[in-house]
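Biologist: Let's go through this model term by term. I will ask what earns each label.

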Amino acid sequence: MRIYSFRGGVHPRENKEPTREKPLRPFLPKEDLVFPLGQHIGKPAVPVVKRGDEVLAGQLIAKADGFVSANIYSSCSGKVKAIERRPVGAGTMADCIVIDNDGAFTPVPGMGEKTDWQTLSKEQILAKIQEAGIVGMGGAGFPTHVKLAPKNPEDIKYFIANGAECEPGITCDDRLMREYPEQIVEGMKIVLKLFPNASGVIAVEKNKPEAIAALQKAASGDSRLSMLTLKVKYPQGGERNLVHAVTGGYMGSGELPAALGCVVDNVSTIAAIYRAVCENTPLIERGVTVTGEPAGNEGNFMVRLGTTVKELLEEGAGGVSEDAKKIIMGGPMMGTALSTLDVPIVKTSNALTLMMEDPVEEAEAMQTNCIHCGRCTRVCPLGLIPQAMAEAAQRKDYDRYIRLHGLDCISCGCCTYTCPAKRPLTLTFKEAKPLAMAWSKALQAEKEAAAAKAKAADGKEEKK
Ligand code: SF4
Ligand code: SF4
């Protein structure tokens with residue numbers, strides 16, 4: 001059996017043992033639920049409810065604002081308590097719909113009703129996915145209906161299910177693949193109906209043998225589906241690495257997988273597609289791993305979206321030790337540290353990582369100047385030059401940052417992980433990327449204004 005890999009990357013301690021045998025347990029919250037209007041890439045959704053309205057579980061509460069946006073549904077029944085700004089992540093606030101949860105989880109009529117997807121047209125399938133508010137649940141949050149509607153669907157050769165789950169400590173996708181393989185396989189068949197010339201490839205890291213076996217069994221007999229075993233290496237689940245593993249080709253700077261005939265979706269997203277199309281259920285819950293020594297009860301939970309981190313930790317995960325130093329939304333490599341536990345679980349929240357130590361604090365104490373060892377370049381899966389990018393970002397030289405392909409950085413954390421000088425490289429890039437994009441946009445606008453002015457002046461000259 002050939003095991004696929006990629007250039008660069010690192011081997012952090014997997015740390016999946018504490019939760020990998022813990023099944024996904026449904027967690028039903030009792031407190032208020034909080035739904036940020038922007039849980040996706042694109043324009044925030046627009047509320048279609050107001051304070052005092054009664055809602056049901058699975059009811060639309062905010063409508064997508066345009067094509068690159070996503071609907072938002074209530075995951076509980078109750079009453080709209082407020083539409084106001086609330087904390088949503090690392091020190092950020094955003095407009096949210098707050099629902100006073102009545103604890104009954106009364107569903108909207110028709111939710112859960114079965115549909116045979118084979119009777120649906122491509123347009124009907126895409127409409128159901130769009131209506132259900134599905135976005136990339138692996139962390140990106142890109143609206144799925146946009147991804148599944150490339151310019152030339154007949155040019156797509158591979159639909160790749162991303163089951164790598166390469167980030168340390170996280171096992172909720174592993175559990176999903178082991179417990180609900182049929183949902184993922186049916187979801188793939190549904191998507192393949194949209195791409196007449198594509199094969200489906202289910203890509204899973206070698207350290208998940210049970211998931212591989214379960215998916216293999218569920219997919220057996222379908223000639224369009226195959227399994228791909230990946231080497232255990234971080235970040236194996238990066239889109240570029242998966243596309244390379246499947247096609248052997250490399251995505252260029254700024255290119256999307258479709259440029260190499262691929263569409264990639266996370267396995268949780270694919271299961272959500274199945275539930276939307278076949279069970280008439282919008283995206284209202286997701287798998288979340290709670291891991292780390294400070295958690296009273298580490299495990300995997302099927303969590304209603306909008307549940308606060310505080311309630312999930314206190315009521316689901318058995319509380320948090322007083323000695324906890326840090327709580328991260330996500331995994332230790334790509335996650336963001338939380339400054340409050342009042343933030344909600346959203347469509348892209350796959351894990352809560354609790355730590356007794358703060359590695360950033362420790363690294364700060366040991367930080368020295370760059371010693372130009374080149375290790376960061378060797379491990380960067382994109383072949384970037386992190387030390388040069390960091391230098392450009394610190395000088396606010398965004399022209400150079402962009403020329404170094406800094407906008408391609410996927411914030412995987414490999415460079416920071418390997419740096420002997422403990423430089424906060426990834427954090428620098430996370431901060432620099434939006435600034436560089438804004439700089440580039442402003443420059444473009446300036447150029448366009450100058451060109452328009454020159455054209456207008458030329459016109460006047462000609463008239464004379
Ligand atoms: S790994 Fe750290 S010390 Fe080495 S070149 Fe990169 S930034 Fe400099
Ligand atoms: S964080 Fe960015 S620069 Fe650093 S290794 Fe990952 S992709 Fe490369």
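Modeller: Domain bounds here come from an automatic or database domain assignment. The model itself is predicted. On that basis the chain is divided into domain 1 (17-278), domain 2 (285-362) and domain 3 (367-442).

Biologist: How do you know that domain 1 and domain 2 are in contact?

Modeller: Contact means heavy atoms within 4.5 Å. By that cut-off, 48 residues of domain 1 are in contact with 42 residues of domain 2. Their C-alpha centres lie 20 Å apart.

Biologist: What makes the largest nonpolar core a core?

Modeller: Its members must be buried nonpolar residues joined through side-chain atoms within 4.5 Å. Buried means under 20% relative accessible area. The largest such set has 77 residues; Leu148, Val277, Val290, Leu312 and Leu352 touch the most other members. Helix α8 (residues 267-278) gives the most, with 9 residues. Domain 1 and domain 2 each supply at least three residues.

Biologist: Which residues does Leu148 touch, leaving out those up to four places away in sequence?

Modeller: Leu126, Ile129, Phe159, Val191, Leu194, Phe195, Val263, Asp265 and Ile273. A separate core has 19 residues, among them Cys376, Cys380, Met389 and Ala392.

Biologist: Why is ligand 2 said to sit in the largest cavity?

Modeller: The test is that more than half of a molecule's atoms lie within 2 Å of the cavity's grid points. Ligand 2 sits in the largest cavity, so it passes that test. It is surrounded by 13 residues, the closest being Cys380, Cys409, Cys412, Gly413 and Cys415. Elements α12 (386-394), α14 (414-418) and α15 (425-463) each give two or more residues to this shell.

How values were computed
Residues numbered from 1 in each chain as written. Chains lettered and ligands numbered in written order. Predicted model: local features only at pLDDT ≥ 70, side-chain atom pairs only at ≥ 80, totals over all residues. Heavy atoms only, no water. Buried < 20%, exposed > 50% of the residue type's maximum accessible area, 1.4 Å probe, protein only. Helix = DSSP H or I, 4+ residues; strand = E, 2+ residues; numbered from the N terminus. Near = heavy atom within 4 Å. 1 Å grid on protein atoms, 1.4 Å probe; cavity = no way out; pocket = protein on both sides within 12 Å on 5 of 7 lines; lining within 4 Å.
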